[in-house]
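Here is a friendly walk through a protein model, meant for someone new to reading structures. Keep the picture in view as you read.

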Amino acid sequence: MKKFALSLFVFVVSVGFLIACELALSAYVLKKSTLYIPINKTVLVLGDSNAQNAFNDSVLTNYFNVSSLATSYLYSYAKLNQILEKNSQIDTVILAFSPHNVFQTIEHKWLLNPKNFNRNIPFYFSIMGYQEYIVFLENNPSVFFQALPTLVNVSFKNILKGLMNKDIDLNYGSFGATDSCVVDKAELHMRAMYRSKQNTVLSKIELSYIRKISDLCVQRRVKLILFNTPKTKIHLEITHQLQKPFYDCYANQFSDIEFIDMVGCEIPATGFHDTYHLNKKGALQFSTYLRDLSPKEWASFRVK
Amino acid sequence: MVQNKNLKFQNLLLLVASYFFYACWDYRFLFLLIFSTLLDFYSGIKINESNSPRNRKIWFWTSILINLGFLGLFKYFNFFAESFVEAFSAFGVEISPWTLNVILPIGISFYTFHGLSYIIDIYKGRIDAERNFIDYAVFVCFFPLLVAGPIERATHLLPQIKQKRAFEHHKIIDGLRQILWGLFKKVVIADGCAEYANMIFNHSDQYSGSTLFLGAVLFSLQIYGDFSGYSDIALGTARLFGIELLRNFAFPYFSRDISEFWRRWHISLTTWFRDYLYIPLGGSRGGRWAKVRNTFVIFLVSGFWHGANWTFIVWGLINAIYFLPLLLTDNNRIHLNSVAAGSNFPSLKELFQMGGTFLLSVFAWIFFRSEDLAHAFEFFRNMFVISFFKMPVVFPTTIILLCLFFLLVEWLGREKQYALAYLEDHLKMPYRWSFYFIITLIIIANMGGNQAFIYFQF
């Protein structure tokens with residue numbers, strides 16, 4: 001029995017050790033594949049799908065969009081930390097900032113959601129600090145076990161790509177608006193979703209990471225701008241419960257950070273994919289408008 | 001691990017664990033399992049104790065009919081009701097079908113057959129009735145075999161349950177090794193192939209002939225990996241408790257003809273039908289045509305056992321047709337040893353024989369997998385077209401490489417109980433352990449597929 005217990009222990013520990021080695025090797029390969037942004041790109045766009053669909057960095061030629069779907073501020077912070085280290089030309093960071101980003105419901109939908117974690121962790125595990133790991137360990141430690149198969153699988157592929165000197169997609173994100181317009185269908189879905197009273201409790205985790213992003217920008221002498229991208233009037237009407245708590249949150253906690261609110265920007269309904277994401281047509285119009293804005297016009301959107 | 005050598009306690013613990021295991025799926029059908037167990041336990045004692053042949057027969061048929069009644073009700077009622085309606089509508093008579101909205105209790109086909117074999121063996125005087133309910137109940141619902149077999153015999157399993165069991169290092173290691181290989185078969189091979197097989201079968205009108213053929217091959221590997229993988233996990237788990245279950249698979253895809261295939265595939269079921277159906281029907285006695293009739297009956301019943309769908313019956317019929325030439329030419333028992341025994345490579349003849357047998361089984365599996373007969377015929381129609389000779393449009397390289405690796409290991413271990421047992425005799429410990437580490441990491445990397453075991457539905 002003792003011999004068996006010892007053999008089993010050695011086997012399990014060895015498997016754990018091998019997985020740790022694989023992850024370490026994958027982290028090394030990922031770190032070597034740091035994102036180098038073209039020198040003419042001085043404005044970094046960060047955040048979730050709202051920013052991903054709005055800022056066309058082919059039109060805004062000095063912008064570089066690394067936003068991605070369902071990305072909480074924890075991942076944006078880890079991403080930003082890594083990018084600023086290797087890209088000193090960045091002087092401005094635009095961070096998506098909308099009502100849905102600041103309430104507690106987003107923690108379960110995005111941050112602590114196992115599916116999202118599975119998607120992100122194979123690439124972010126090498127750039128997250130121990131404080132980021134503590135967030136998951138304190139709030140939903142089981143995500144690590146659920147993500148283990150994906151982590152082992154993707155890490156192996158990353159190592160293979162590294163050995164073959166192939167490019168590794170760091171999964172940071174990029175501009176990605178679609179051609180479609182399904183506003184009517186989306187409206188029905190949104191109305192059903194927002195029929196009941198909404199939870200307007202603020203998310204401590206998300207807000208703490210906005211502050212961390214702000215502190216990082218101060219440290220790196222980079223300007224941070226919070227940005228509320230265009231939404232349809234229908235969307236604002238349906239989510240009216242969230243508007244006041246959202247603006248109060250900004251006023252109480254982030255008034256030291258510039259906030260540009262273009263939620264009411266005149267984009268026709270055909271320029272939207274759904275009620276709160278622009279499509280390609282809308283992104284082109286919006287990005288062109290942004291490009292041609294004068295500093296005075298830009299300032300008029302500033303929330304005081 | 002139970003250190004306590006008290007046998008009663010061991011068996012009681014196994015029984016409680018098995019019932020808990022079953023209840024985790026649906027506690028309501030636990031009562032059906034317990035009822036079936038009590039019925040057969042009591043009937044067995046009554047058959048054993050009765051001096052009157054009439055009473056013995058009454059108890060025998062009561063147990064058989066009630067057990068088969070439950071099986072028929074849960075598994076086949078809707079099939080017969082709908083087939084009845086379809087038959088009448090073919091003559092222009094419309095009847096409204098009265099179907100039951102019932103869930104199929106998991107493992108009912110397996111534990112019913114355990115009970116049936118026990119009752120039949122008592123009736124035939126092969127064994128005495130078990131007087132200890134705990135021991136008997138463990139025989140029926142021992143959790144490793146409860147949901148998908150192997151279908152055990154009282155003569156094989158009951159004596160082991162009644163014997164004291166103690167911790168044996170080599171058995172534990174062997175059990176864990178078999179579980180590891182079973183997990184590899186299920187998680188890596190079966191679930192990996194399932195993703196593509198499902199995609200191809202579910203959209204069979206959209207793919208080329210060669211892609212459909214690849215889909216059929218992948219399904220063949222899926223069902224083997226799934227079912228034999230489960231059996232390996234069950235056998236390995238049982239060994240951890242000091243119990244040896246009946247072997248269920250003996251590398252069937254290395255068979256040289258269909259009769260050998262059926263001696264190697266789902267062995268516990270085929271031998272059950274041989275002993276409790278084929279032989280009572282007369283078996284190979286009574287002339288050539290009686291043999292043919294009995295063989296067809298076995299294959300059709302075997303197909304029907306798998307499920308209430310004409311596709312399973314046709315699958316059984318096709319296998320009977322495959323078997324027929326061998327039966328009529330008395331060549332159904334020529335390949336009794338392992339292929340290429342004592343050699344690393346098969347001869348060219350053996351290679352062709354294995355390839356041909358595998359192809360025949362692939363074509364039969366198409367019926368097994370299809371939703372209905374129309375789907376199966378459409379699959380064949382779409383497969384045998386000019387695009388059969390072109391490259392498949394879907395070519396999952398990683399899965400195919402893993403399958404080739406899997407087949408290589410199975411080939412090397414074909415003369416053992418299970419493939420990985422080969423390593424014990426042929427590799428030194430560091431290399432063996434390295435292999436185990438690689439297999440374990442591949443299993444971990446492929447987990448999360450969430451494909452249910454195919455045979456759980458039977």
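Let's begin with one side chain: B:Lys162 is partly exposed, at 38% relative accessibility (buried means under 20% relative accessible area, exposed over 50%, partly exposed in between, with a 1.4 Å probe and protein chains only). Before going on, please note that this is a predicted model, in which local features need pLDDT of at least 70 and side-chain atom pairs count only at pLDDT 80 or more, while totals for chains, interfaces and linings use all residues. Residues are numbered from 1 along each chain as its sequence is written, chains are lettered from A and ligands numbered from 1 in the order in which they are written, and side-chain values use heavy atoms, with hydrogens and water left out.

**Salt bridges**

Side chains of opposite charge can pair when their charged atoms come close. A salt bridge here is a side-chain nitrogen of Lys or Arg within 4 Å of a carboxyl oxygen of Asp or Glu. Over all chains, the count is 30 salt bridges. Three of them are listed here.

| Acidic partner | Basic partner | N to O distance |
|---|---|---|
| A:Glu187 | A:Arg191 | 3.0 Å |
| B:Asp135 | B:Lys162 | 2.8 Å |
| B:Asp174 | B:Arg177 | 3.2 Å |

Which parts of the chain does the pair B:Asp135 and B:Lys162 link? B:Asp135 sits in helix 5 (residues 133-141) of chain B, and B:Lys162 in the loop between helix 7 (154-161) and helix 8 of chain B, 27 residues apart. Helices are DSSP runs (H or I, at least four residues), numbered from the N terminus. B:Asp135 is buried, with a relative accessible area of 7%.

The pair in chain A stays within one helix: A:Glu187 and A:Arg191 are four residues apart in helix 8 (residues 183-193) of chain A, so about one helical turn separates them. A:Arg191 is partly exposed at 34% relative accessibility.

B:Asp174 and B:Arg177 are three residues apart in helix 8 of chain B, so they too are separated by about one helical turn. B:Arg177 is buried, at 7% relative accessible area. Salt bridges with shared partners join B:Asp174, B:Arg177, B:Arg239, B:Glu244, B:Glu424 and B:Arg432 into one network.

**Where the chains meet**

Chain A and chain B each bring 15 residues to their contact (heavy atoms within 4.5 Å). Together they bury about 1400 Å², 85% of it on carbon and sulfur atoms; buried area is the accessible area (1.4 Å probe) that two parts lose on being put together, summed over both. How many salt bridges are there between chain B and chain A? The count is zero.

**The largest pocket**

The largest pocket holds about 1100 Å³ of space. On a 1 Å grid over the protein atoms alone, a pocket is an open set of points where a 1.4 Å probe fits, with protein on both sides within 12 Å along at least five of seven lines, and lining residues have an atom within 4 Å of a point. Grid points are joined across faces, edges and corners, and the volume is the space filled by probe spheres set on the points. Of the 34 lining residues, the closest to the centre of the largest pocket are A:Asn153, A:Phe156, B:Ile442, B:Ala445 and B:Asn446. Helix 7 of chain A gives the largest share of this lining, eight residues.

Conventions
Helix = DSSP H or I, 4+ residues; strand = E, 2+ residues; numbered from the N terminus.
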